[in-house]
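When a residue is called buried or a pair of rings is called stacked, it is fair to ask what lies behind the word. Please look over the entry below with that in mind.

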Amino acid sequence: MNLKRDWWVVITTIAITSFLSFSVSASDVTVKKINNLNGNTIKGVDISSVISEEKSGVHYFNEEGKKENIFQILKSNGVNYIRVRVWNNPYTESGNGYGGGNSDLAKAILIGKQASKYGMKLLVDFHYSDFWADPSKQKAPKSWQNLSYDQKQKSVYAYTLDSLQKIKQAGIDVGMVQIGNETNNGIAGTSKWPEMAGIFNSGSAAVRKVDKNILVAVHFTDIQKQGNDKWISKQLHDYNVDYDVFATSYYPYWHGSLSNLTQSLSDVSRTYNKKVMVAETSYPYTYQDGDGFGNTISKDSNVVLDYPVSVQGQTTALRDVFQAVANVGSTGLGVFYWEPAWVPVGPQSNLESNRLLWEKFGSGWATTNASEFDADAEKNAGGSSWDNQALFDFKGKALPSLKTFKYID
């Protein structure tokens with residue numbers, strides 16, 4: 001027995017194991033390992049705008065700079081779930097799109113096919129609107145605006161059933177369906193909780209009809225506001241809403257501390273025996289604007305940023321959201337990063353050329369056509385206000401922060 005040699009092996013093994021337990025370096029970023037990570041953790045991204053981006057001439061490149069299918073790039077970097085929004089009819093009568101990816105069912109199917117091809121599940125995010133739905137806007141689709149509540153319930157059921165059947169018939173692996181998007185204050189033009197609950201249940205019933213194995217999610221935000229999570233989850237319980245997953249948006253610069261996120265999700269999960277997750281998050285890696293259309297988060301934004309605005313800061317911010325959800329326990333499903341591929345369609349210097357592409361393919365936040373549905377859309381007509389929060393640089397090359405999904409294990 002060689003004691004000197006054997007002790008060297010032991011010491012070296014401990015040193016290597018300790019290093020791997022704490023961090024992994026990916027190019028020029030470091031990713032600290034997640035504690036309590038579930039082997040089935042959802043590592044998701046929402047790339048709803050990607051079809052419009054590619055139609056506008058955008059290409060994607062892996063970290064080595066080689067052009068590659070974006071779904072392959074995502075899969076290679078540990079992503080296992082794709083989220084896609086669905087608007088009922090984001091077009092004018094003459095067929096001109098509203099923008100924001102012109103995110104209709106046809107595009108969801110195209111994205112879903114690619115996700116399934118590369119072994120990733122799909123989360124279908126029904127907004128039940130023709131354009132953006134969030135806490136400030138939950139406008140019913142054009143074709144539903146004159147319907148009674150009972151008629152709207154039936155329409156939600158029929159629309160969800162038909163859409164989901166078409167997605168499934170395309171051979172897409174649907175793991176989850178979201179009934180509404182950030183529905184704190186309404187859904188499909190309805191803002192009273194008894195009626196909101198009926199809408200939720202109409203959508204849920206359609207999902208159960210298609211496939212009982214598909215998880216049904218409801219999605220809210222602003223749970224950092226005192227009592228918001230408790231009040232919303234109680235309404236869902238009191239009105240007997242049928243769902244599996246309580247999802248929230250969590251943007252570090254808007255939605256409070258990570259400890260509060262964990263506590264809020266834990267309370268909902270423990271009280272009502274529900275699974276929980278973060279349906280949207282992101283963080284800027286630069287303050288620069290890539291396309292001539294101002295960014296949502298800039299140096300002038302009135303927000304507190306707890307991480308450096310850098311690729312490493314973006315990496316750590318995403319990693320820490322995963323940790324906050326993992327801290328909930330086995331019911332914490334995972335995290336989706338919002339629009340990591342929404343990059344410029346052209347450089348800032350080509351603003352007029354960019355505008356033509358945004359209008360033609362809907363690859364910006366909104367087109368001028370959207371004002372017929374949303375009166376505020378005109379002031380938001382233009383490009384991506386999210387390009388500085390993408391996980392690809394302005395030319396479509398994968399940033400090292402994309403490896404976060406792979407290395408948190």
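The questions and answers that follow concern a predicted model and set computed values against the cut-offs behind each term.

Q: Why is the aromatic pair of Trp 132 and Trp 365 called stacked?
A: A search of the whole structure finds 32 aromatic pairs, and in the one formed by Trp 132 and Trp 365 the centres are 4.4 Å apart with 15 degrees between the planes. Rings pair if their centres lie within 6.5 Å, and planes under 30 degrees apart count as stacked, so with 4.4 Å and 15 degrees the pair of Trp 132 and Trp 365 earns the word.

Q: What parts of the chain does this pair link?
A: The pair links distant parts of the chain, 233 residues apart: Trp 132 belongs to the loop between strand E5 (121-126) and helix H5 (149-169), and Trp 365 to the loop between helix H10 (351-361) and helix H11 (377-380).

Q: Why does Trp 132 count as buried or exposed?
A: Its relative accessibility is 12%, and because buried means under 20%, Trp 132 counts as buried.

Q: How do you know that the charged end of Lys 139 sits over the ring of Phe 373, and what is the distance for Lys 274 and Tyr 243?
A: The charged end of Lys 139 is 4.8 Å from the centre of the Phe 373 ring, and that of Lys 274 is 4.3 Å from the centre of the Tyr 243 ring. The term asks for a distance within 6 Å and a position within 35 degrees of the ring normal; the distances of 4.8 Å for Lys 139 and 4.3 Å for Lys 274 are given here, and both charged ends are assigned as sitting over their rings.

Q: What makes the barrel, and how do its strands run?
A: The barrel is closed by 8 strands in the order E3-E4-E5-E6-E7-E8-E9-E10, with parallel pairing, and the twist from one strand to the next averages 25 degrees.

Q: How do you know that E9 and E10 pair?
A: Strand E9 (residues 275-280) and strand E10 (residues 332-338) run parallel and are joined by 2 bridges; because two strands pair if at least two bridges are found between them, 2 bridges are enough for E9 and E10. Val 276 stands opposite Gly 332 in E10. Strand E3 (residues 42-46) also runs parallel to E10, with 5 bridges joining them, and there Ile 42 stands opposite Gly 334.

Q: Why is E10 said to be largely enclosed?
A: Buried residues make up 7 of the 7 in E10, so this strand is largely enclosed by the rest of the structure.

Q: What makes the span of helix H8 agree with expectation?
A: Helix H8 (residues 258-272) has 15 residues, and at 1.5 Å a residue the expected span is 21 Å; the end C-alpha atoms are 21 Å apart, so the two values agree. The buried residues of H8, among them Leu 261, Leu 265, Val 268 and Tyr 272, pack against helix H7 (228-238), strand E8 (245-249), E9 and H9.

Q: What is said of the phi of Asn 273, and why is this residue called buried or exposed?
A: Asn 273 follows H8 and is found in the loop between H8 and E9; its phi is near 55 degrees, a positive value in a residue other than glycine. With a relative accessible area of 67%, set against the limit of over 50% for exposed, Asn 273 is therefore called exposed.

Q: What is the phi of Asp 222, and why is Asp 222 called buried or exposed?
A: Asp 222 has a positive phi of about 60 degrees although it is not a glycine, and it lies in the loop between strand E7 (215-220) and H7. Its relative accessible area is 18%, which falls under 20%, so Asp 222 is called buried.

Q: Why is Tyr 285 called buried or exposed, and which residues does Tyr 285 touch?
A: Tyr 285, in the loop between E9 and helix H9 (311-326), has a relative accessible area of 12% and is therefore buried, the cut-off being under 20%. Not counting residues up to four places away in sequence, the residues Tyr 285 touches include Val 309, Gln 314, Asp 387, Phe 392, Phe 394 and Leu 399.

Conventions
Residues are numbered from 1 along each chain as its sequence is written. This is a predicted model: local features need pLDDT of at least 70, side-chain atom pairs count only at pLDDT 80 or more; totals for chains, interfaces and linings use all residues. Side-chain values use heavy atoms; hydrogens and water are left out. Rings of Phe, Tyr and Trp (its six-membered ring) pair if their centres lie within 6.5 Å; planes under 30 degrees apart count as stacked, over 60 as edge-to-face and the rest as tilted. Helices (H or I, at least four residues) and strands (E, at least two) are DSSP runs, numbered from the N terminus. Buried means under 20% relative accessible area, exposed over 50%, partly exposed in between (1.4 Å probe, protein chains only). Axes are lines fitted to C-alpha atoms, for helices over the stretch in contact, and angles run from 0 to 180 degrees between N-to-C directions. Contact means heavy atoms within 4.5 Å. The expected span of a helix is 1.5 Å times one less than its number of residues.
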